[in-house]
Amino acid sequence: MKRYDYLIIGGGMAADAAVQGIRSLDPGGSIGMLSSEPDAPYRRPPLSKDLWNGKTKVEDIDCDTYSHNIDFHSERTAVRINRAELTVSDQHHDTYGYRRLLLATGGRPRSLTRDDVGVIHYRTLEDYRTLINDLDNKEHYAVAGGGFIGCEMAAALRSKEKKVSLIFPEDTLGGGRFLLSWLRRWRIITKKRELICSQDSKFRRSGRRMRARRSCLKTGVRFL
Ligand SMILES: Cc1cc2nc3c(=O)[nH]c(=O)nc-3n(C[C@H](O)[C@H](O)[C@H](O)COP(=O)(O)OP(=O)(O)OC[C@H]3O[C@@H](n4cnc5c(N)ncnc54)[C@H](O)[C@@H]3O)c2cc1C
């Protein structure tokens, strides 16, 4: 078992910022990072913006965390912390020792369905790859969530000439922070006060049912 001077659980932008902070104070200490994701830290905001309009490529969003001389353990989810022994175990029962431990586990999207067939809980680079590779097969997407990212994803899919239905429970998109005219310009159909309670990409409210070939959930995050 390797014992790190600094062990970080999480592989997002906060973890990358922590590595930069550590390195500014301690250029030589050993740093280990465990991430559930296959990709090293990358900038998440372009996933719903510049990756879709061609201004940014996937290789441009890498945070370059490797250049700070760290051990990156991809697809390793920390499942147990032993504070007495100063160790962390992952899902494969591998153990990592630490002197200092940082939790940077961020959040994960809220799930609204029990059966996730055909649903992307859009948050990661893997989700982006799944969606972009899926575009040739599907014409109609339901995007659930009327916040910033839901609207951005609706616009992104419209920019690929897909039919998009944006579903949100509030009276107004983004709680009134956005202009409906902006969405109408993209010919996005909005459905107010829809409640999502069904499965298999079928959304239902008051007996009404909407079908979509693929659904993309952006329903906010649950902090870990
Ligand atoms: C599509 C999209 C667009 C966005 N656009 C904007 C924007 O324009 N402006 C803005 O300010 N914010 C934006 N955000 C939000 C911003 O990206 C987040 O606030 C930021 O990514 C949070 O970083 P984080 O490192 O704290 O957490 P996360 O990004 O959630 O990263 C946490 C990481 O920890 C990993 N992890 C979790 N649990 C474990 C575990 N037990 N073991 C190992 N690894 C674990 C996760 O897999 C993940 O890699 C956007 C988010 C998304 C998804």
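## Around the ligand

Let's start right at the ligand: one of its oxygen atoms has a polar side-chain atom of Glu 37 just 2.5 Å away. Keep in mind that this is a predicted model. Two more side chains make a similar kind of approach. In Lys 49, a side-chain N or O atom is 2.7 Å from a ligand oxygen, and a polar atom in the side chain of Arg 123 also lies 2.7 Å from an oxygen atom of the ligand. How much of the ligand does the protein cover? On its own, the ligand has 1,000 Å² of accessible area, and the protein covers 74% of that.

Zoom out a little and you'll find 26 residues around the ligand. Those that come nearest are Ala 14, Glu 37, Arg 44, Lys 49 and Arg 123. The shell is a mix: 11 of its residues are nonpolar, 10 are polar and 5 are charged.

## Between two domains

Where does the ligand sit relative to the domains? Domain 1 covers residues 2-105 and domain 2 covers residues 108-223. Both of them give residues to the shell, so the ligand lies between them.

## A strand on the inside

Now look at strand β1, which is made up of residues 3-9. Is this strand largely enclosed or largely open? Of its 7 residues, 5 are buried, so β1 is largely enclosed by the rest of the structure. "Buried" here means under 20% relative accessible area.

β1 pairs with two other strands, so let's take them in turn. With β6 (residues 95-103), β1 pairs in the parallel sense over 6 bridges. With β2 (residues 31-34), the pairing is parallel too, this time over 4 bridges. Ile 8 is a handy spot to see both pairings: Leu 102 stands opposite Ile 8 in β6, while Met 33 is the bridge partner of Ile 8 in β2.

## Two loop residues with positive phi

Leu 86 and His 93 are worth finding next. Leu 86 belongs to the loop that links β4 (78-82) and β5 (87-90). Its phi is near 55°, which is a positive value in a residue other than glycine. Leu 86 has a relative accessible area of 33%, so it counts as partly exposed.

His 93 sits in the loop between β5 and β6. Here phi is near 70°, again positive in a residue that isn't glycine. Is His 93 buried or exposed? Its relative accessibility is 68%, so His 93 counts as exposed, the cut-off for that being over 50%.

Key:
Residues are numbered from 1 along each chain as its sequence is written. This is a predicted model: local features need pLDDT of at least 70, side-chain atom pairs count only at pLDDT 80 or more; totals for chains, interfaces and linings use all residues. Side-chain values use heavy atoms; hydrogens and water are left out. A residue is near a molecule or strand if one of its heavy atoms lies within 4 Å of it. A polar contact is a pair of N or O atoms within 3.5 Å; within protein, one must be able to donate a hydrogen and the other to accept it, and residues adjacent in sequence count only if both atoms are side-chain atoms. Accessible areas come from the Shrake-Rupley method with a 1.4 Å probe; for residues, only the protein chains shown count as cover. Ala, Val, Leu, Ile, Met, Phe, Trp, Tyr, Cys and Pro count as nonpolar, Asp, Glu, Lys and Arg as charged, and the others, Gly among them, as polar. Domain bounds come from an automatic or database domain assignment. Buried means under 20% relative accessible area, exposed over 50%, partly exposed in between (1.4 Å probe, protein chains only). Two strands pair if DSSP finds at least two bridges between them.
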